[in-house]
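Please read the following briefing beside the sequence and the structure. It groups its points by topic, beginning with enclosed space and ending with charged side chains.

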Amino acid sequence: MQRDVIYVGIDWGETSNAVAIVNEEGEVLTQRGVPDTVEGLRTLTEMIAAHTSDPTAVAIGIETERGLLVRGLVAAGFRLYPINPMSAERYRGRHSVSGAKSDPADAVMLANVVRTDRHHHLPMAANSELADSLKVLTRRHQDFIWERTRKTLKLRSTLREYYPGALAAFGDSLNATPCLAVLLFAPTPARGRKLSESKIAVILRKAGRERYVADLAEKIRTALQEPQLEQRPLVAQAYGDTVESMARLLMYLNAEIDVMEEKLQAAFGSLPDAEVLHSLPGVGLILGARLLAEFGDQPNRYANSKSRKNFSGMAPVTRVSGKQRLVSHRYAKKRRLADACFQWADCAYKTSPGAKQYYSELRSHGVGHSAAIRSLGNRLVGILHGCIKTRTLYDEAVAWARYSSQPGDPAASQAA
(Lines give C-alpha, C1' and ligand atoms only; values in the text may rest on other atoms or scores of the structure.)
Protein backbone atom coordinates (compact mmCIF):
# COMPACT_ATOMS: atom_id res chain seq x y z
CA MET A 1 0.00 0.00 0.00
CA GLN A 2 1.25 3.47 -0.93
CA ARG A 3 2.39 5.42 2.14
CA ASP A 4 2.17 9.18 2.41
CA VAL A 5 5.53 10.78 1.77
CA ILE A 6 4.85 14.44 2.44
CA TYR A 7 2.16 16.48 4.16
CA VAL A 8 1.07 19.95 3.12
CA GLY A 9 -0.67 22.59 5.22
CA ILE A 10 -2.33 25.61 3.58
CA ASP A 11 -3.55 28.58 5.58
CA TRP A 12 -5.62 30.18 2.85
CA GLY A 13 -6.31 33.87 2.42
CA GLU A 14 -8.15 36.11 0.02
CA THR A 15 -5.02 37.13 -1.90
CA SER A 16 -2.21 34.99 -0.49
CA ASN A 17 -1.83 31.52 1.04
CA ALA A 18 0.75 30.40 3.59
CA VAL A 19 2.09 26.95 2.65
CA ALA A 20 4.17 24.50 4.69
CA ILE A 21 5.43 21.04 3.67
CA VAL A 22 6.56 18.54 6.30
CA ASN A 23 7.86 14.96 6.09
CA GLU A 24 6.72 11.91 8.03
CA GLU A 25 8.89 12.88 11.02
CA GLY A 26 7.27 16.33 11.21
CA GLU A 27 10.34 18.16 9.89
CA VAL A 28 9.49 21.29 7.90
CA LEU A 29 10.85 20.83 4.38
CA THR A 30 9.55 24.00 2.72
CA GLN A 31 7.62 27.03 3.90
CA ARG A 32 6.55 30.11 1.98
CA GLY A 33 3.60 32.22 0.83
CA VAL A 34 2.02 31.83 -2.59
CA PRO A 35 -0.51 34.14 -4.28
CA ASP A 36 -4.06 32.98 -4.88
CA THR A 37 -3.63 33.02 -8.66
CA VAL A 38 -2.81 30.66 -11.51
CA GLU A 39 0.85 31.42 -10.95
CA GLY A 40 0.42 30.67 -7.25
CA LEU A 41 -1.12 27.28 -7.99
CA ARG A 42 1.76 26.52 -10.36
CA THR A 43 4.26 27.51 -7.66
CA LEU A 44 2.51 25.30 -5.11
CA THR A 45 2.53 22.24 -7.37
CA GLU A 46 6.19 22.83 -8.13
CA MET A 47 6.97 22.98 -4.40
CA ILE A 48 5.25 19.62 -3.96
CA ALA A 49 6.90 18.13 -7.07
CA ALA A 50 10.33 18.93 -5.60
CA HIS A 51 9.67 16.23 -2.98
CA THR A 52 7.45 13.70 -4.80
CA SER A 53 6.02 13.21 -8.27
CA ASP A 54 3.13 11.05 -7.07
CA PRO A 55 -0.02 13.07 -6.19
CA THR A 56 -1.39 10.11 -4.20
CA ALA A 57 1.64 10.34 -1.90
CA VAL A 58 0.54 13.80 -0.73
CA ALA A 59 -2.01 14.74 1.96
CA ILE A 60 -3.09 18.37 2.14
CA GLY A 61 -4.77 20.01 5.13
CA ILE A 62 -6.77 23.20 4.56
CA GLU A 63 -9.54 24.98 6.47
CA THR A 64 -11.92 25.27 3.51
CA GLU A 65 -13.41 23.03 0.86
CA ARG A 66 -14.37 25.84 -1.52
CA GLY A 67 -12.55 28.12 -3.90
CA LEU A 68 -10.54 27.98 -7.09
CA LEU A 69 -7.33 26.92 -5.33
CA VAL A 70 -9.09 23.90 -3.84
CA ARG A 71 -10.62 23.00 -7.19
CA GLY A 72 -7.21 23.27 -8.88
CA LEU A 73 -5.58 20.97 -6.31
CA VAL A 74 -8.38 18.40 -6.65
CA ALA A 75 -8.05 18.51 -10.44
CA ALA A 76 -4.31 17.84 -10.05
CA GLY A 77 -5.12 14.61 -8.20
CA PHE A 78 -4.16 15.59 -4.63
CA ARG A 79 -6.05 14.38 -1.55
CA LEU A 80 -7.44 17.26 0.46
CA TYR A 81 -8.61 17.11 4.07
CA PRO A 82 -10.83 20.09 4.98
CA ILE A 83 -10.20 20.83 8.67
CA ASN A 84 -13.07 22.47 10.53
CA PRO A 85 -11.92 25.87 11.91
CA MET A 86 -13.09 24.82 15.39
CA SER A 87 -10.90 21.72 15.19
CA ALA A 88 -8.02 23.82 13.89
CA GLU A 89 -8.36 26.13 16.89
CA ARG A 90 -8.03 23.18 19.26
CA TYR A 91 -5.07 21.75 17.35
CA ARG A 92 -3.42 25.15 17.60
CA GLY A 93 -3.70 24.96 21.38
CA ARG A 94 -2.14 21.51 21.31
CA HIS A 95 0.97 22.84 19.59
CA SER A 96 1.23 26.11 21.51
CA VAL A 97 -0.22 27.29 24.83
CA SER A 98 0.95 30.88 24.50
CA GLY A 99 -2.01 31.92 22.34
CA ALA A 100 0.32 33.15 19.58
CA LYS A 101 -1.00 32.87 16.04
CA SER A 102 0.43 33.48 12.59
CA ASP A 103 -0.38 32.27 9.09
CA PRO A 104 2.94 30.39 8.61
CA ALA A 105 2.53 28.67 11.99
CA ASP A 106 -1.04 27.68 11.10
CA ALA A 107 0.19 26.17 7.83
CA VAL A 108 2.68 24.00 9.76
CA MET A 109 -0.06 23.06 12.23
CA LEU A 110 -2.41 21.96 9.42
CA ALA A 111 0.36 19.91 7.81
CA ASN A 112 0.92 18.13 11.12
CA VAL A 113 -2.81 17.53 11.55
CA VAL A 114 -2.96 15.50 8.34
CA ARG A 115 0.35 13.85 9.26
CA THR A 116 -0.87 12.48 12.59
CA ASP A 117 -4.67 12.72 12.68
CA ARG A 118 -5.99 12.56 9.12
CA HIS A 119 -7.81 9.29 9.93
CA HIS A 120 -10.12 11.41 12.13
CA HIS A 121 -11.11 13.63 9.19
CA LEU A 122 -13.03 12.88 6.03
CA PRO A 123 -11.11 13.58 2.82
CA MET A 124 -12.73 16.03 0.48
CA ALA A 125 -15.44 14.36 -1.55
CA ALA A 126 -14.67 13.81 -5.21
CA ASN A 127 -18.24 14.56 -6.24
CA SER A 128 -19.41 14.63 -9.83
CA GLU A 129 -19.55 17.94 -11.63
CA LEU A 130 -23.35 17.76 -11.62
CA ALA A 131 -23.47 17.25 -7.84
CA ASP A 132 -21.14 20.19 -7.26
CA SER A 133 -23.26 22.39 -9.51
CA LEU A 134 -26.36 21.28 -7.57
CA LYS A 135 -24.67 22.32 -4.32
CA VAL A 136 -24.08 25.82 -5.69
CA LEU A 137 -27.74 26.10 -6.73
CA THR A 138 -29.18 24.75 -3.47
CA ARG A 139 -27.01 27.01 -1.33
CA ARG A 140 -27.93 30.12 -3.30
CA HIS A 141 -31.60 29.10 -3.16
CA GLN A 142 -31.36 28.71 0.60
CA ASP A 143 -29.53 32.04 0.91
CA PHE A 144 -32.41 33.72 -0.94
CA ILE A 145 -34.94 32.13 1.42
CA TRP A 146 -32.97 33.20 4.50
CA GLU A 147 -32.71 36.72 3.06
CA ARG A 148 -36.46 36.76 2.40
CA THR A 149 -37.10 35.74 6.00
CA ARG A 150 -34.87 38.53 7.32
CA LYS A 151 -36.55 41.13 5.12
CA THR A 152 -40.02 39.85 6.03
CA LEU A 153 -39.26 40.23 9.73
CA LYS A 154 -37.99 43.76 9.08
CA LEU A 155 -41.15 44.57 7.12
CA ARG A 156 -43.34 43.17 9.90
CA SER A 157 -41.48 45.27 12.46
CA THR A 158 -41.90 48.42 10.34
CA LEU A 159 -45.62 47.85 9.80
CA ARG A 160 -46.09 47.44 13.53
CA GLU A 161 -44.79 50.99 13.96
CA TYR A 162 -47.52 52.65 11.88
CA TYR A 163 -49.84 50.20 10.07
CA PRO A 164 -51.14 47.37 12.34
CA GLY A 165 -54.13 46.90 10.05
CA ALA A 166 -51.84 45.54 7.33
CA LEU A 167 -50.45 42.92 9.71
CA ALA A 168 -53.98 41.81 10.56
CA ALA A 169 -54.93 41.76 6.87
CA PHE A 170 -52.02 39.68 5.57
CA GLY A 171 -51.07 37.58 8.61
CA ASP A 172 -48.56 34.81 7.83
CA SER A 173 -48.84 35.54 4.08
CA LEU A 174 -47.14 38.91 4.41
CA ASN A 175 -44.27 37.96 2.06
CA ALA A 176 -46.53 36.39 -0.59
CA THR A 177 -46.40 38.30 -3.88
CA PRO A 178 -50.19 38.99 -4.09
CA CYS A 179 -50.22 40.46 -0.56
CA LEU A 180 -47.13 42.54 -1.32
CA ALA A 181 -48.88 43.86 -4.43
CA VAL A 182 -51.77 45.10 -2.29
CA LEU A 183 -49.31 46.65 0.13
CA LEU A 184 -47.58 48.44 -2.74
CA PHE A 185 -50.91 49.88 -3.85
CA ALA A 186 -51.85 50.96 -0.31
CA PRO A 187 -48.66 51.47 1.76
CA THR A 188 -50.35 53.74 4.34
CA PRO A 189 -53.49 53.38 6.49
CA ALA A 190 -55.14 56.31 4.72
CA ARG A 191 -54.76 54.70 1.29
CA GLY A 192 -55.71 51.31 2.68
CA ARG A 193 -59.10 52.62 3.85
CA LYS A 194 -59.87 53.81 0.31
CA LEU A 195 -59.45 50.36 -1.27
CA SER A 196 -62.65 48.61 -2.29
CA GLU A 197 -63.11 44.87 -2.18
CA SER A 198 -63.33 44.67 -5.98
CA LYS A 199 -60.11 46.65 -6.40
CA ILE A 200 -58.28 44.38 -3.95
CA ALA A 201 -59.51 41.34 -5.91
CA VAL A 202 -58.18 42.83 -9.18
CA ILE A 203 -54.75 43.46 -7.58
CA LEU A 204 -54.61 39.93 -6.19
CA ARG A 205 -55.44 38.34 -9.56
CA LYS A 206 -52.90 40.44 -11.43
CA ALA A 207 -50.25 39.35 -8.93
CA GLY A 208 -50.97 35.66 -9.58
CA ARG A 209 -53.57 34.74 -6.96
CA GLU A 210 -56.02 32.20 -8.40
CA ARG A 211 -57.91 30.52 -5.55
CA TYR A 212 -60.31 32.03 -2.97
CA VAL A 213 -59.67 35.53 -4.30
CA ALA A 214 -63.04 36.90 -3.17
CA ASP A 215 -62.64 35.51 0.37
CA LEU A 216 -59.12 36.92 0.72
CA ALA A 217 -60.18 40.30 -0.68
CA GLU A 218 -63.00 40.49 1.85
CA LYS A 219 -60.65 39.60 4.70
CA ILE A 220 -58.11 42.24 3.66
CA ARG A 221 -60.80 44.91 3.17
CA THR A 222 -62.32 44.23 6.61
CA ALA A 223 -58.93 44.36 8.35
CA LEU A 224 -57.89 47.61 6.65
CA GLN A 225 -61.20 49.26 7.64
CA GLU A 226 -60.82 48.43 11.34
CA PRO A 227 -59.98 51.39 13.64
CA GLN A 228 -56.27 51.50 14.47
CA LEU A 229 -53.70 53.76 16.11
CA GLU A 230 -51.93 55.90 13.51
CA GLN A 231 -48.87 58.07 13.04
CA ARG A 232 -49.04 61.70 11.89
CA PRO A 233 -49.62 61.99 8.11
CA LEU A 234 -46.07 62.96 7.07
CA VAL A 235 -44.52 60.31 9.31
CA ALA A 236 -46.94 57.71 7.98
CA GLN A 237 -46.02 58.68 4.40
CA ALA A 238 -42.30 58.32 5.21
CA TYR A 239 -42.97 54.84 6.61
CA GLY A 240 -45.04 54.08 3.51
CA ASP A 241 -42.18 55.02 1.18
CA THR A 242 -39.91 52.70 3.16
CA VAL A 243 -42.40 49.84 3.01
CA GLU A 244 -42.79 50.24 -0.76
CA SER A 245 -39.05 49.63 -1.18
CA MET A 246 -39.18 46.62 1.13
CA ALA A 247 -42.15 45.16 -0.74
CA ARG A 248 -40.41 45.53 -4.12
CA LEU A 249 -37.30 43.77 -2.78
CA LEU A 250 -39.40 40.91 -1.43
CA MET A 251 -41.27 40.55 -4.71
CA TYR A 252 -37.94 40.40 -6.54
CA LEU A 253 -36.69 37.72 -4.13
CA ASN A 254 -39.88 35.69 -4.65
CA ALA A 255 -39.36 35.79 -8.41
CA GLU A 256 -35.70 34.76 -8.14
CA ILE A 257 -36.56 31.91 -5.75
CA ASP A 258 -39.08 30.59 -8.30
CA VAL A 259 -36.45 30.77 -11.07
CA MET A 260 -33.90 28.98 -8.90
CA GLU A 261 -36.39 26.22 -8.09
CA GLU A 262 -36.88 25.53 -11.81
CA LYS A 263 -33.12 25.16 -12.23
CA LEU A 264 -32.96 22.91 -9.15
CA GLN A 265 -35.62 20.64 -10.57
CA ALA A 266 -33.68 20.13 -13.80
CA ALA A 267 -30.35 19.51 -12.02
CA PHE A 268 -31.73 17.23 -9.30
CA GLY A 269 -33.61 14.98 -11.72
CA SER A 270 -30.41 14.26 -13.65
CA LEU A 271 -28.57 12.63 -10.71
CA PRO A 272 -28.69 8.83 -10.25
CA ASP A 273 -29.52 9.02 -6.53
CA ALA A 274 -32.46 11.37 -7.08
CA GLU A 275 -34.98 8.53 -7.45
CA VAL A 276 -33.85 6.90 -4.19
CA LEU A 277 -34.05 10.17 -2.27
CA HIS A 278 -37.43 11.07 -3.74
CA SER A 279 -38.85 7.74 -2.54
CA LEU A 280 -38.14 8.58 1.11
CA PRO A 281 -40.98 10.02 3.22
CA GLY A 282 -41.01 13.78 3.63
CA VAL A 283 -38.49 14.38 0.82
CA GLY A 284 -39.67 16.74 -1.91
CA LEU A 285 -37.79 18.40 -4.74
CA ILE A 286 -36.05 21.15 -2.76
CA LEU A 287 -35.27 19.07 0.31
CA GLY A 288 -34.06 16.16 -1.78
CA ALA A 289 -31.77 18.44 -3.77
CA ARG A 290 -30.30 19.90 -0.57
CA LEU A 291 -29.69 16.48 0.96
CA LEU A 292 -28.05 15.11 -2.17
CA ALA A 293 -25.92 18.23 -2.66
CA GLU A 294 -24.65 18.33 0.93
CA PHE A 295 -24.05 14.57 1.29
CA GLY A 296 -22.46 14.40 -2.17
CA ASP A 297 -22.63 11.56 -4.67
CA GLN A 298 -19.14 10.10 -4.31
CA PRO A 299 -19.53 6.31 -4.00
CA ASN A 300 -18.17 4.76 -0.81
CA ARG A 301 -17.38 8.12 0.80
CA TYR A 302 -19.07 6.98 4.00
CA ALA A 303 -17.62 3.78 5.41
CA ASN A 304 -20.91 2.90 7.13
CA SER A 305 -24.19 4.41 8.26
CA LYS A 306 -22.57 5.69 11.48
CA SER A 307 -20.11 7.74 9.44
CA ARG A 308 -22.95 9.30 7.43
CA LYS A 309 -24.95 9.98 10.61
CA ASN A 310 -22.00 11.74 12.25
CA PHE A 311 -21.43 13.80 9.11
CA SER A 312 -25.10 14.82 9.01
CA GLY A 313 -24.95 16.32 12.51
CA MET A 314 -27.95 14.25 13.66
CA ALA A 315 -25.97 11.73 15.73
CA PRO A 316 -25.83 12.67 19.43
CA VAL A 317 -22.62 13.32 21.34
CA THR A 318 -21.92 11.46 24.60
CA ARG A 319 -19.72 12.97 27.30
CA VAL A 320 -18.67 10.68 30.16
CA SER A 321 -16.59 11.84 33.12
CA GLY A 322 -16.49 9.81 36.31
CA LYS A 323 -20.08 9.06 37.29
CA GLN A 324 -21.48 11.76 35.07
CA ARG A 325 -22.87 10.86 31.64
CA LEU A 326 -24.36 13.50 29.35
CA VAL A 327 -25.87 12.95 25.92
CA SER A 328 -26.46 16.10 23.86
CA HIS A 329 -26.84 17.21 20.26
CA ARG A 330 -23.86 18.22 18.14
CA TYR A 331 -22.79 21.85 18.12
CA ALA A 332 -19.98 21.40 15.58
CA LYS A 333 -21.69 20.35 12.36
CA LYS A 334 -22.37 21.40 8.81
CA ARG A 335 -25.17 23.88 9.32
CA ARG A 336 -26.85 23.49 5.94
CA LEU A 337 -26.85 19.68 6.04
CA ALA A 338 -28.05 19.53 9.65
CA ASP A 339 -30.80 22.02 8.82
CA ALA A 340 -31.92 19.91 5.85
CA CYS A 341 -31.96 16.69 7.92
CA PHE A 342 -33.93 18.36 10.71
CA GLN A 343 -36.53 19.63 8.21
CA TRP A 344 -36.66 16.20 6.62
CA ALA A 345 -37.41 14.49 9.95
CA ASP A 346 -40.01 17.14 10.78
CA CYS A 347 -41.81 16.38 7.51
CA ALA A 348 -41.32 12.59 7.66
CA TYR A 349 -43.03 12.01 11.00
CA LYS A 350 -46.17 13.63 9.57
CA THR A 351 -46.27 11.40 6.49
CA SER A 352 -44.72 8.05 7.50
CA PRO A 353 -46.68 5.83 9.97
CA GLY A 354 -43.45 4.19 11.16
CA ALA A 355 -41.67 7.50 11.68
CA LYS A 356 -44.75 8.85 13.48
CA GLN A 357 -44.76 5.87 15.84
CA TYR A 358 -41.03 6.21 16.50
CA TYR A 359 -41.45 9.92 17.27
CA SER A 360 -44.47 9.27 19.52
CA GLU A 361 -42.58 6.61 21.44
CA LEU A 362 -39.76 9.05 22.17
CA ARG A 363 -42.21 11.74 23.24
CA SER A 364 -43.99 9.31 25.58
CA HIS A 365 -40.67 8.77 27.37
CA GLY A 366 -40.33 12.48 28.09
CA VAL A 367 -38.08 13.41 25.16
CA GLY A 368 -38.61 16.99 23.92
CA HIS A 369 -39.84 17.75 20.42
CA SER A 370 -36.50 18.97 19.02
CA ALA A 371 -34.55 16.07 20.54
CA ALA A 372 -37.11 13.58 19.19
CA ILE A 373 -36.89 15.13 15.71
CA ARG A 374 -33.07 14.90 15.81
CA SER A 375 -33.26 11.26 16.90
CA LEU A 376 -35.70 10.53 14.09
CA GLY A 377 -33.41 12.38 11.66
CA ASN A 378 -30.50 10.20 12.82
CA ARG A 379 -32.57 7.09 12.11
CA LEU A 380 -33.67 8.37 8.70
CA VAL A 381 -30.07 9.12 7.67
CA GLY A 382 -29.24 5.47 8.44
CA ILE A 383 -32.16 4.35 6.28
CA LEU A 384 -30.98 6.66 3.49
CA HIS A 385 -27.49 5.15 3.69
CA GLY A 386 -28.89 1.63 3.31
CA CYS A 387 -31.08 2.60 0.36
CA ILE A 388 -28.20 4.27 -1.50
CA LYS A 389 -25.76 1.46 -0.72
CA THR A 390 -28.11 -1.27 -1.99
CA ARG A 391 -29.62 0.91 -4.75
CA THR A 392 -33.17 0.17 -3.55
CA LEU A 393 -36.15 2.44 -3.08
CA TYR A 394 -37.60 3.16 0.34
CA ASP A 395 -39.99 0.53 1.73
CA GLU A 396 -42.06 1.51 4.77
CA ALA A 397 -42.48 -2.09 5.94
CA VAL A 398 -38.75 -2.79 5.80
CA ALA A 399 -37.61 0.53 7.27
CA TRP A 400 -39.99 0.31 10.24
CA ALA A 401 -40.42 -3.46 10.56
CA ARG A 402 -40.54 -3.13 14.35
CA TYR A 403 -43.77 -1.16 14.11
CA SER A 404 -45.34 -2.69 11.01
CA SER A 405 -45.16 -6.37 12.16
CA GLN A 406 -47.54 -7.81 14.71
CA PRO A 407 -46.44 -10.27 17.50
CA GLY A 408 -46.75 -13.82 16.32
CA ASP A 409 -46.31 -12.99 12.65
CA PRO A 410 -43.43 -14.67 10.79
CA ALA A 411 -42.32 -11.22 9.73
CA ALA A 412 -42.06 -10.17 13.34
CA SER A 413 -39.82 -13.09 14.27
CA GLN A 414 -37.61 -12.49 11.24
CA ALA A 415 -37.29 -8.81 12.13
CA ALA A 416 -36.32 -9.71 15.67
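**Cavity, pocket, sheet and charged contacts**

Helices α5 (129-162) and α13 (285-295) each supply at least two residues of the lining of the largest cavity. This is a predicted model, and the points below describe its internal space, its open sheet and some of its side-chain contacts.

**The cavity**

- The structure holds one cavity of 30 Å³ or more, and about 30 Å³ of space lies in the largest cavity.
- Thr138, Arg139, Gln142, Arg290, Glu294 and Arg336 form the lining of the largest cavity, and the largest share of that lining, three residues, is contributed by α5.
- When the lining residues of the largest cavity are sorted by character, four are charged and two are polar, while no nonpolar residue is found there.

**The largest pocket**

- The largest pocket encloses about 1,200 Å³ of space, and its lining is made up of 31 residues, of which Asn84, Phe311, Ala332, Lys333 and Lys334 lie nearest its centre.
- Four elements, namely α3 (85-95), α14 (305-312), β6 (317-321) and α15 (335-351), each supply at least two residues of the lining of the largest pocket, with the largest share, four residues, coming from α3.
- The lining of the largest pocket divides into 13 charged, 10 nonpolar and eight polar residues.

**The open sheet and the helices across it**

- Five strands form an open sheet with mixed pairing, and their order is β3-β2-β1-β4-β5.
- Strands β3 (28-35) and β5 (79-82) stand at the edges of this sheet, and because each has a single partner strand, one side of each is left without a neighbour in the sheet.
- Neighbouring strands of this sheet are turned against each other by 20 degrees on average, with direction ignored.
- Strand β1 (residues 6-11) and strand β4 (residues 58-62) run parallel and are joined by five bridges, and Tyr7 stands opposite Ala59 in β4.
- Helix α1 (residues 38-49) lies across β1, β2 (16-23), β3 and β4, and runs at about 170 degrees to β3.
- Helix α4 (residues 103-116) lies across β1, β2, β3, β4 and β5, and runs at about 140 degrees to β1.

**Glu65 and its surroundings**

- Glu65 is placed in the loop between β4 and α2 (68-75).
- If residues up to four places away in sequence are not counted, Glu65 touches Val70, Pro82, Met124, Lys135, Arg139 and Lys334; among these, Arg139 is also one of the residues lining the largest cavity, and Lys334 is one of the residues that lie nearest the centre of the largest pocket.
- Asn84, which is also listed among the residues nearest the centre of the largest pocket, is 19 residues from Glu65 in sequence and 9.7 Å from Glu65 in space, C-alpha to C-alpha.

**Salt bridges**

- Side chains of opposite charge can pair when their charged atoms come close.
- A search of the whole structure finds 17 salt bridges, including one between Arg42 and Glu39, whose closest N and O atoms are 2.4 Å apart.
- Both Arg42 and Glu39 lie in helix α1, where they are three residues apart, about one turn of the helix.

Technical notes: Residues numbered from 1 in each chain as written. Predicted model: local features only at pLDDT ≥ 70, side-chain atom pairs only at ≥ 80, totals over all residues. Heavy atoms only, no water. Pairing = 2+ DSSP bridges. Axes fitted to C-alpha atoms, helices over the stretch in contact; angles between N-to-C directions. Contact = heavy atoms within 4.5 Å. 1 Å grid on protein atoms, 1.4 Å probe; cavity = no way out; pocket = protein on both sides within 12 Å on 5 of 7 lines; lining within 4 Å. Points joined across faces, edges and corners; volume = space filled by probe spheres on them. Nonpolar A, V, L, I, M, F, W, Y, C, P; charged D, E, K, R; others polar. Salt bridge = Lys/Arg side-chain N within 4 Å of Asp/Glu carboxyl O.
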